[in-house]
Amino acid sequence: MAVSLLAHEVSDLCLAKPALRSLSVSATVAEALTALKNSDDTSISVWDCNHSSSSKSAGNNVSAVDGIGNNGGGGGECRCVGKICMVDVICFLSKPQNLLSPCDALKAPVSDLLPKIPGLVMHVQPSSSLLEAIDLILQGAQNLVVPIQTRLSSRRKQYPKPSTNSTTITVHNGREFCWLTQEDVIRFLLSSIGLFSPIPALSIDALGIITTDFLATDYHSPASSALDLISHSLADQTSVAVVDSDGTLIGEISPFTLACCDETVAAAIATLSSGDLMAYIDCGGPPEDLVRVVKQRLKQRNLEGMLEEFSIMSSPAGGNPPSSSSDEESSMSPTTTLPRSARYSRSSSYSARMVRRAEAIVCHPKSSLVAVMIQAIAHRVNYVWVIEDDCSLVGIVTFSDMLKVFREHLDTLA
C-alpha cells in the first residue's frame, strides 16, 4: 500500500477535473471582471500566448520539472502566468487612487492584478510524481497547471470549437489544462490516511503545526487598514482574523468569502470598520443599515458615483448599462450596491460555498490532525483557526502545515 501511494502521479489527482477557463494577459481589469462574473469558478487562469517570443513574465512562475514550454512544438509558448479572482479585483479597486478614478482603474491591464510573488503558479507534467507535486506546493506554489490527458479530437466532436475571445479560451497549443491545488492533494492523502497511522490521531499541538504568526486586525479599525492584510492572506491562502482588544477571535475577513462577492465591496472597504465589513460580506448580502452607511460616507467623500461607474465599466462590451433613476436613493439601492445573491445562485457548484460566512472556522489545540483536515475540507478552506476555551486566538493551521507532516512521513515509506 505504501509503495502504491508513492507510485501515484499528478495525473491520478486530476481525473475528471474541468479544463481551465483562461484570460489573456493583455486583457483589461474590466474584461477580467466580466469573465469572473460569467464563470462558474471563483478564479480564472491568466495566460501569455505571445508566440512571437518567449514570455519573460512567466519566467519566475515555471517549474523546472515541467518541460512543456511549447508542448512539443516549435511555434512559441503558451504559459499560465498566474490566476485572478474577485478578491484581486476588489483589492485593486479599493486603492485610494482607484477609488478616485474607477474608470481608469478598470481600463488597467490585468497584469496589474497579478501578485509580484514568483512561483505561485507552476507548470508540471502529468507524469510528475505525487512527491514532486507536494514539494512544489511546500515551496510556495498555490496552483499546479497540468495538461489534461485526453484526445482533443474526440472532445471537439462533442463540443463546439472554443471561442477566440480572450475570456473564453480553454485550448493552448492544442492542449487543455487543469488546476491541481493544496486541497486536491489533502483530499487525496485523506483517502489513504490509514497509511500514516498514528500521526492522524495526534493533536495539532503535539505535532507542532500551529502557526502563531498570523494576520489579524482589530474589530474597530478601518477596513481599509486591513487591505494589505487581505492581499497577503490571498497570496498565503489563509485569512485575516478580526479580534477585540483582548485578543479574542470575533470573526474573519476571508478571501474565500470575498471571492463570492462583487467589485462594489470596494466601497464597503473604503468606508466601514473591519467588524462592519464582516457583516457586509456575510451570506445573503449586506444589511440595509450598512448599505445606507456606505452610501452616506461615499457622499461625504464625493465618491457616491463610483458604484455606478464600476457597474457600467464592467458590463460586457456592447451591453446596456444598468438603468438608473434621477432619484439618488433609487440609483444606489441595496440591490445595486451588492447584487451578490445572484452570483451565489448562478451555479449549483457554489453549494459548498453558500454556507461560508464571516464566522471563523475554529478548532482546539488538542484537536486531532485528521479532524482538522476534515473540518477544513468540509468548509472548503485551506486553514482552521486555533482557539482556547475562552475563545482567545492561539494561531492557525494550514494545509501547507499539514502537508509538511505528511511529506516527512512519506520519506520514511520510500
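This is a short selection-by-selection tour of a predicted model.

**Whole chain**

Start with everything shown. The protein chain holds 20 helices and 13 strands. Colour by burial next: buried residues make up 52% of the 414 residues. Switch on the surface. The chain exposes about 18100 Å², and carbon and sulfur atoms supply 51% of that area. Now think about contacts between residues at least 6 apart in sequence. Of these, 74% join residues at least 24 apart.

**First core**

Select I84 and L258. These two have the most contacts inside the largest nonpolar core, which has 55 residues. Add helix α3, residues 86-93. Helix α3 gives the most to this core, with seven residues.

Stay on I84 and display its surroundings. Set aside its neighbours within four places in sequence. I84 is then in contact with L23, A32, L36, T42, S43, I44, V46, V110, L113 and L114.

**Second core**

Where should you click for the other core? Try I134, I137, L189 and I396. They are included in a second, separate core of 54 residues.

**Aromatic pairs**

Show the rings of Phe, Tyr and Trp. A search of the whole structure finds five aromatic pairs. Two are worth a stop here.

Select F196 and F406. Their ring centres are 4.8 Å apart and their planes stand at 70°, so the pair is edge-to-face. The cut-off for that label is an angle over 60 degrees. Look at where each ring comes from. F196 lies in the loop between α8 (182-190) and α9 (204-207), while F406 lies in helix α20 (residues 399-413). The pair therefore ties together parts that are 210 residues apart in sequence. Are these two rings buried or exposed? F196 is buried, with a relative accessible area of 0%. F406 is buried too, at 1%.

Move to F256 and Y383. This aromatic pair is tilted: 5.9 Å centre to centre, with 45° between the planes. The partners again come from distant parts of the chain. F256 sits in helix α11 (residues 255-258) and Y383 in strand β12 (residues 383-387), 127 residues apart. Check the burial of both. F256 has 15% relative accessibility and counts as buried, because the limit is under 20%. Y383 is buried at 0%.

Widen the selection to F214 and W385. Together with F256 and Y383, they form one aromatic cluster.

**Backbone stops**

Go back to the loop between α8 and α9, where F196 lies. P198 has its place in that loop as well. Zoom to the peptide bond that joins S197 and P198. This bond is cis, with omega about 10°.

Next, select A16. A16 is not a glycine, yet its phi is positive, at about 70°. Its place is in the loop between α1 (2-6) and β1 (22-24). With a relative accessible area of 84%, A16 is exposed.

Finish at R380. Here phi is near 55°, another positive value in a residue other than glycine. R380 is found in the loop between α19 (369-378) and β12. Strand β12 is the one that holds Y383 of the tilted pair. How exposed is R380? At 24% relative accessibility, R380 counts as partly exposed.

Methods
Residues are numbered from 1 along each chain as its sequence is written. This is a predicted model: local features need pLDDT of at least 70, side-chain atom pairs count only at pLDDT 80 or more; totals for chains, interfaces and linings use all residues. Side-chain values use heavy atoms; hydrogens and water are left out. Rings of Phe, Tyr and Trp (its six-membered ring) pair if their centres lie within 6.5 Å; planes under 30 degrees apart count as stacked, over 60 as edge-to-face and the rest as tilted. Helices (H or I, at least four residues) and strands (E, at least two) are DSSP runs, numbered from the N terminus. Buried means under 20% relative accessible area, exposed over 50%, partly exposed in between (1.4 Å probe, protein chains only). Contact means heavy atoms within 4.5 Å. Accessible areas come from the Shrake-Rupley method with a 1.4 Å probe; for residues, only the protein chains shown count as cover. A nonpolar core is a set of buried Ala, Val, Leu, Ile, Met, Phe, Trp, Tyr and Cys residues joined through side-chain atoms within 4.5 Å.
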